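Welcome, and thank you for bringing your viewer along. Please load the model, switch on the cartoon view, and follow the stops below.

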Amino acid sequence: MMKSFQEIQEAAYQKGGGRIAVAGAEGAAVLEAVLNARSRGIMDPILVGDSEKIQQIAGDHRLDIGSIRVVNAADETIAAGKAVQLVHEGEADGLMKGKVSTPMLLKTVLDKKYNLRSDRLLSHIALLEISGYHKLLLVTDGGMVIRPDLNQKSAILSNGLDVLRKLGVSRPKAAVLAAIEKVNPDMPETQHAEALVEAARKGRFGDAVVEGPLAVDVALSRSAAEIKGIESRISGNPDLFLMPDIACGNIFAKGLVYMAGAKIGGLIVGARKPIILLSRADDAETKFRSIALGSVVAAA
């Protein structure tokens, strides 16, 4: 079981990585991250974007990209298309978001002509290393499915549990979050939680512990659970937070990063190939963590 990004990076070094098409490589943080990963044998990048800008940025920041393949693309629409095309044609083994927007990249990924979709729902996972918490925490979905219904939440949960198992968590513990612990018909997320817990009891999610609806204090604090009189097998020890919607997931994860100094890495899962994806605003170290995470998940 990997409990830190350091352990994930060490595993990525050992496993090695494939060729990754970087959609929109015109950014110093993007170039620094892929060069770092390449120097450690984690990935072999193909840079897709405005070749003149890429070369200029590399020169301005003294980054040596002379031996890396660059595919010219005049704008982000073309860059997304060419990067996804490289994966489709087998010239790249995975995809990474650079400076292109998330909607543009995902629209291209979902285009049936590229055959990157599988029979699984695409969803986003953010993995967080938080000071004061004893292990990694997976938060989903804060980047893909806007307002998931029950079936979509079931698929999102399955995707997240699959990632945790690939990181060595044999029996992951998932908290289906809401504002309260009682089912309320005016709060659909509580009804979804009840249904997901019942599905888990019937074996829908394999060997996993799924509880909900849970407020975040109960999920994180055994003391809070005891004070509220709630019996829980996962309180104080969850591996996964299933969020009510994209806004909750996005705000929660970014809040931890910017206010609590959490380390983060992110992926889109459920496609035929790994998609390394977080915010365009992320620094080089965050992008590198996402690359390492993608390498480990893809190789598992």
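## A walk through the chain

Start with the whole chain in cartoon: it holds 11 helices and 11 strands. Keep in mind as you look around that this is a predicted model.

**Stop 1: the overall outline.** Zoom out until everything fits on screen. Along the principal axes, the C-alpha atoms occupy a box of roughly 60 × 40 × 30 Å. The radius of gyration is 19 Å, in agreement with the value near 19 Å that a compact globule of 300 residues would have.

**Stop 2: the two domains.** Now select 5–118 together with 271–298 and give them one colour; the domain assignment calls this pair of segments domain 1. Next, select 123–260 and pick a second colour, for this is domain 2. How far apart do the C-alpha centres of the two domains lie? The distance between these centres is 29 Å.

**Stop 3: where the domains meet.** Turn the model until the boundary between your two colours faces you. Here 11 residues of domain 1 make contact with 12 residues of domain 2.

**Stop 4: inside and outside.** Go back to the whole chain and show its surface. About 13200 Å² is exposed, and carbon and sulfur atoms contribute 49% of that area. Of the 300 residues, 53% are buried. Among contacts with a separation of 6 or more, 70% link residues that are 24 or more positions apart.

**Stop 5: the charges.** Finally, colour the chain by charge. There are 37 positive and 35 negative charges, and their mean positions are 3 Å apart.

Note on methods: Residues numbered from 1 in each chain as written. Predicted model: local features only at pLDDT ≥ 70, side-chain atom pairs only at ≥ 80, totals over all residues. Heavy atoms only, no water. Helix = DSSP H or I, 4+ residues; strand = E, 2+ residues; numbered from the N terminus. Rg over C-alpha atoms; globule rule 2.2 N^0.38 Å. Buried < 20%, exposed > 50% of the residue type's maximum accessible area, 1.4 Å probe, protein only. Contact = heavy atoms within 4.5 Å. Areas by Shrake-Rupley, 256 points an atom, 1.4 Å probe, with all protein chains shown as cover. Lys, Arg positive; Asp, Glu negative; His and termini not counted. Charge placed at Lys NZ, Arg CZ, Asp CG, Glu CD. Domains from an automatic or database assignment.
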